[in-house]
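User: I am new to this structure and would like a close look at one part of it. Could you take me through the second largest pocket and then the features that help me find my way around it?

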Amino acid sequence: MSVGRHLRSMRRVFEDYGIRRLGISLAVMGTGFLLSTCKLDELVTPPPIGSLSASVGLVTDSAAFGSTARHELTVNITNMGEGSLSWTASRARGSAWLQLSSTSGTAPSSLTIALDPSGLSIGSYLDTLLFTVSTGAVDPTRVPVEFVIHPCIVTELALGVEKADSITTSDCSATHRDGHFARVFGFDASAGDSISVLMTSGTLDGYLMLDSTTDGSIPSLQSADSCLGEDGDPCLIYVLLPDSGTYYVEATTHEPADTGQFTIQLLPPQVPDGPSALRQFGADSTTLLGAGASLTDTAIVFKGIVTDVDTWDTLRLEVEVQPVGVPFGDSATAVSATIENGDTAITVVTDFDDDRGYRWLARTMDQTGRASDWLAF
């Protein structure tokens, strides 16, 4: 066979395998031939398969025990190579609490992952998201996920400070009321202290519980879904605390799964205000007697308005009357009937001596025995 025919035959073989397209050429050298290449390594190497990259490398989150609000996070998926790349997503452990908005897509794209605390007990939960390319030629991209379920978080509640807060589906389950969300507040007290708790809301029907521990197996000290027997916002009034230590107030709802805004206030017993609008009248209780007036009978009616910051308190007016020149002894001469906060109290003193001057003091006393300072008429 001639050299020309041999080269033409070789060229047809190479063309059958596409070698011409790879830039291989033939050259005659004497009576033989030579193969030469043009960057053959680069031309025959396939383009990179590509690999996935997730916008987060680790997911860590937590939720309160008994909460039901899902925690959502968007994950962006990109192709580290050129062009687009199909992927699938899965959970290594198949955890039901770890939920995906999509299990497949083409990078670049995104998906939403959700962590659902519903029904989970206190503890740490682990799983791993696996993002796999459709060719399967590279290892999956892994995103570890940790979800911690924690007990109720206790918020400090200071005496005398009104705190605005809200109950949401992200809050923990009420200690003694399954299916109810709650906010838990803590405060320190000494044995023998007396406290009152007020919860007010325009959006939910509240319920209060007072505990000496966060252990739900131990009954609460007191609870209330009303205030002093009246429907509406709940209150705990003058609760005597038996021991020194930390106490917990649980603000929750009357209806299951209810949510809304509220305010809460922890109050110690308050000393009443001093009486106001003090007046002295004749025995008919209508004839006003000014200072230094002469008494035409043997009785004087004393009147005054009694008030207290503790609006639920019942109050009375105490009066001490002494002859001029005799010191006061911090002891009531007469005491009114018990009346509602803000009303006018009335008391009567009799048996005055003729031709003798008298002076008097008054104070407000509440049902706990706390009294205002004495005020002189």
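Analyst: The second largest pocket holds about 270 Å³ of space. Please keep in mind that the model is predicted. Fifteen is the number to remember for the walls: the pocket is lined by 15 residues, and those nearest its centre are Cys 152, Ser 173, Thr 175, Thr 214 and Gly 216. Sorted by class, the lining has seven nonpolar, five polar and three charged residues.

Cys 152 is a good place to start, since this residue also takes part in a disulfide. Its partner is Cys 172, and the two sulfur atoms are 1.8 Å apart. The torsion about this S-S bond is about 105°, so the disulfide is right-handed. What does the bond tie together? Cys 152 belongs to the loop between strand S11 (141–150) and strand S12 (154–156), while Cys 172 is in strand S14 (residues 172–173), so the link joins parts that are 20 residues apart in sequence. Are the two ends buried or exposed? Cys 172 has 4% relative accessibility and counts as buried. Cys 152, with a relative accessible area of 25%, is partly exposed: the cut-off for buried is under 20%, and exposed begins over 50%.

The search for disulfides gives a count of two. The other one joins Cys 227 and Cys 235, with sulfur atoms 1.9 Å apart. Here the torsion about the S-S bond is about 95°, so this disulfide is right-handed too. Cys 235 is buried, at 5% relative accessibility. If you number the bonded cysteines in sequence order, the pairing reads 1-2, 3-4.

From Cys 235 we can step along to a backbone feature. Strand S19 spans residues 235–240 and contains Tyr 238. Phi of Tyr 238 is near 50°, a positive value in a residue other than glycine. Most residues other than glycine have a negative phi, and most peptide bonds are trans. Tyr 238 has a relative accessible area of 17%, so this residue is buried. A second positive phi in a residue other than glycine is found at Ala 257, where the angle is near 60°. Ala 257 sits in the loop between S20 and strand S21 (260–267), and with 48% relative accessibility this residue counts as partly exposed. For a peptide bond that is cis, look at the step from Ala 107 to Pro 108, where omega is near 5°. Pro 108 lies in the loop between strand S8 (104–107) and strand S9 (109–115).

Next come the rings. How many aromatic pairs does a search of the whole structure find? There are nine. One of them is formed by Phe 187 and Tyr 247, which are stacked, with 5.9 Å from centre to centre and 20° between the planes. Phe 187 is in strand S15 (residues 181–189) and Tyr 247 in strand S20 (residues 245–253), so this pair ties together parts that are 60 residues apart in sequence. Phe 187 is buried at 6% relative accessibility, and Tyr 247 is buried at 3%. Elsewhere, ring pairs link Trp 97, Tyr 125 and Phe 147 into a cluster.

Some rings also have a charge over them. The charged end of Arg 177 sits over the ring of Tyr 207, 3.9 Å from the ring centre. In another such contact, the charged end of Lys 303 sits over the ring of Phe 281, at 4.5 Å from its centre.

Finally, it helps to set your pocket beside the largest one. The largest pocket has a volume of about 480 Å³. Its lining is made up of 24 residues, and Ala 293, Leu 295, Ile 300, Arg 356 and Tyr 358 lie nearest its centre. Strand S24 (299–305) and strand S29 (358–366) are the elements that give two or more residues to this lining, and S29 gives the most, with three. By class, the lining of the largest pocket has 11 nonpolar, seven polar and six charged residues. To return to where we began, Cys 152 is one of the residues nearest the centre of the second largest pocket, and its sulfur is paired with that of Cys 172.

Methods:
Residues are numbered from 1 along each chain as its sequence is written. This is a predicted model: local features need pLDDT of at least 70, side-chain atom pairs count only at pLDDT 80 or more; totals for chains, interfaces and linings use all residues. Side-chain values use heavy atoms; hydrogens and water are left out. Rings of Phe, Tyr and Trp (its six-membered ring) pair if their centres lie within 6.5 Å; planes under 30 degrees apart count as stacked, over 60 as edge-to-face and the rest as tilted. Helices (H or I, at least four residues) and strands (E, at least two) are DSSP runs, numbered from the N terminus. Buried means under 20% relative accessible area, exposed over 50%, partly exposed in between (1.4 Å probe, protein chains only). A charge sits over a ring if NZ of Lys or CZ of Arg is within 6 Å of the ring centre and within 35 degrees of the ring normal. A disulfide is a pair of cysteine sulfur atoms within 2.5 Å. On a 1 Å grid over the protein atoms alone, a cavity is a set of points where a 1.4 Å probe fits but cannot get out, and a pocket is an open set with protein on both sides within 12 Å along at least five of seven lines; lining residues have an atom within 4 Å of a point. Grid points are joined across faces, edges and corners, and a volume is the space filled by probe spheres set on the points. Ala, Val, Leu, Ile, Met, Phe, Trp, Tyr, Cys and Pro count as nonpolar, Asp, Glu, Lys and Arg as charged, and the others, Gly among them, as polar.
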